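Visitor: I am new to this structure, and I would love a close look at a single part of it. Please choose one spot and walk me through what surrounds it.

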Amino acid sequence: MEEQLASIINSLSEIKTTQNKLIQSFNDQNKSIKNFSIRFDNLSSQIKNLSDDNALLNGKVSQFELKIKSLEQNSISTSKTTHLDIINEIADRQSRTNNIILFNLPEATDPSKIKPDSDRLKIIFNKMGLNIEPIRFFRLGNPSTRARPLKITLTNTENVFNVLRAQSKIRSSDEFKELRFSSDRTMKQREQMSTLRQELETRRSNGENNIIIKYIKGNPVIITNSKN
C-alpha cells in the first residue's frame with residue numbers, strides 16, 4: 001500500500017514538474033511573442049519614418065526639378081533677350097556713326113541778334129580749319145530756358161572724328177569757347193560713360209591724378225596720362 005502511495009506521489013510530482021516546465025515554456029514563448037511584437041512595432045515605425053522621409057525627399061526633388069526647369073527657361077529667355085539687345089545695340093550705334101552732338105550753342109530765337117544755326121556752323125567749322133557741309137541738323141528736345149543740343153549729321157565717320165579732334169581750336173574764341181562736341185552715343189554708351197566718369201572721379205579723389213578717359217578702338221577707357 002505504501003509503495004503504491006509512493007508511486008502515486010512520485011507520479012504526481014513528475015506531472016507537476018512537467019506542468020511547471022510547460023508553464024515555463026509557455027511563459028518563454030509568450031515573452032518571445034511580446035519581444036517579436038515589440039520588434040515588429042519598432043520595424044513598422046522605422047518603415048513609416050522611412051516612408052515619410054522618402055515622401056519629403058520626393059517633394060524636395062520635385063521642387064528642385066521645377067527650379068531647374070524655371071532656370072533653364074529663364075536662361076533661354078535671357079539668352080534670346082541678350083542676343084536681341086546686342087543686335088539692336090549694334091544697329092543703333094551704326095545708325096549714329098555719322099552724327100555728332102553740339103552742346104551750349106545758343107538758340108537763334110531772335111534772328112536780328114543771333115545768326116541761324118546753319119550760318120554759325122559754317123563759321124565754327126571754318127575756325128576749326130575744316131571744310132565740312134552738314135547733311136542735316138536739328139535741336140534735340142523741347143524748347144526751354146537752356147540751349148538745346150544740336151544734332152548734326154555729316155557725310156561720313158571721318159568728318160565726325162575730324163570735328164572731335166579739332167574742337168580744341170575754338171576754345172580760344174570768346175564766342176565759341178563754351179561749345180563742346182560729342183559723338184552721338186546710344187543709351188548704353190551714355191550709361192557706360194557715366195559709370196566711367198564716376199570711377200575717374202573716385203580714383204582721382206584717392207590720389208590718382210594722372211589718369212584720363214581716352215577712346216581706344218572706339219571704346220572709352222581710363223588710362224594713365226603719358227603727357228604728365
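Guide: Let's begin with a word we will need often: a residue is called buried when its relative accessible area is under 20%, exposed when it is over 50%, and partly exposed in between, using a 1.4 Å probe and protein chains only. This is a predicted model, so local features need pLDDT of at least 70 and side-chain atom pairs count only at pLDDT 80 or more, while totals for chains, interfaces and linings use all residues. Residues are numbered from 1 along each chain as its sequence is written, and side-chain values use heavy atoms, with hydrogens and water left out.

The spot I have picked is K151, which is buried, with a relative accessible area of 18%. K151 belongs to strand β3, which covers residues 150-153. Strands (E, at least two residues) and helices (H or I, at least four) are DSSP runs, numbered from the N terminus.

Look across from K151 and you meet I101, its bridge partner. I101 also stands opposite S182 in β4. The strand β1 is joined to β3 by four bridges, and the two run antiparallel. Four bridges also join β1 to β4 (residues 180-183), again antiparallel. For two strands to pair, DSSP must find at least two bridges between them. Four of the five residues of β1 (residues 99-103) are buried, so this strand is largely enclosed by the rest of the structure.

Now follow the side chain of K151. Side chains of opposite charge can pair when their charged atoms come close. A salt bridge here is a side-chain nitrogen of Lys or Arg within 4 Å of a carboxyl oxygen of Asp or Glu. K151 forms one with D184, at 3.3 Å from N to O. D184 sits in the loop between β4 and α4 (187-205) while K151 is in β3, so the pair ties together parts that are 33 residues apart in sequence. D184 is buried too, at 9% relative accessibility. D92 and R96 join K151 and D184 in a network of salt bridges.

From β3 we can step over to a neighbouring topic, helix α2 (residues 117-127). Its buried residues pack against β1, β2 (136-139), β3, α3 (157-166) and β4, where contact means heavy atoms within 4.5 Å. The buried residues in α2 include D117, R120, L121, I124 and F125. Seen down the axis of α2, they fall within an arc of 135 degrees, so they line one face of the helix; the arc is that of the directions from the helix axis to the C-beta atoms. Two of them, R120 and D117, meet in a salt bridge of 2.7 Å, N to O.

One last neighbour is the largest nonpolar core, where such a core is a set of buried Ala, Val, Leu, Ile, Met, Phe, Trp, Tyr and Cys residues joined through side-chain atoms within 4.5 Å. Of its 19 residues, L102, I124, M128, I152, V163 and F181 touch the most other members. The elements giving two or more residues to this core are β1, α2, β3 and α3. F181 shows how these parts meet: leaving out residues up to four places away in sequence, its contacts include I101, L102, I124, I152 and V163.
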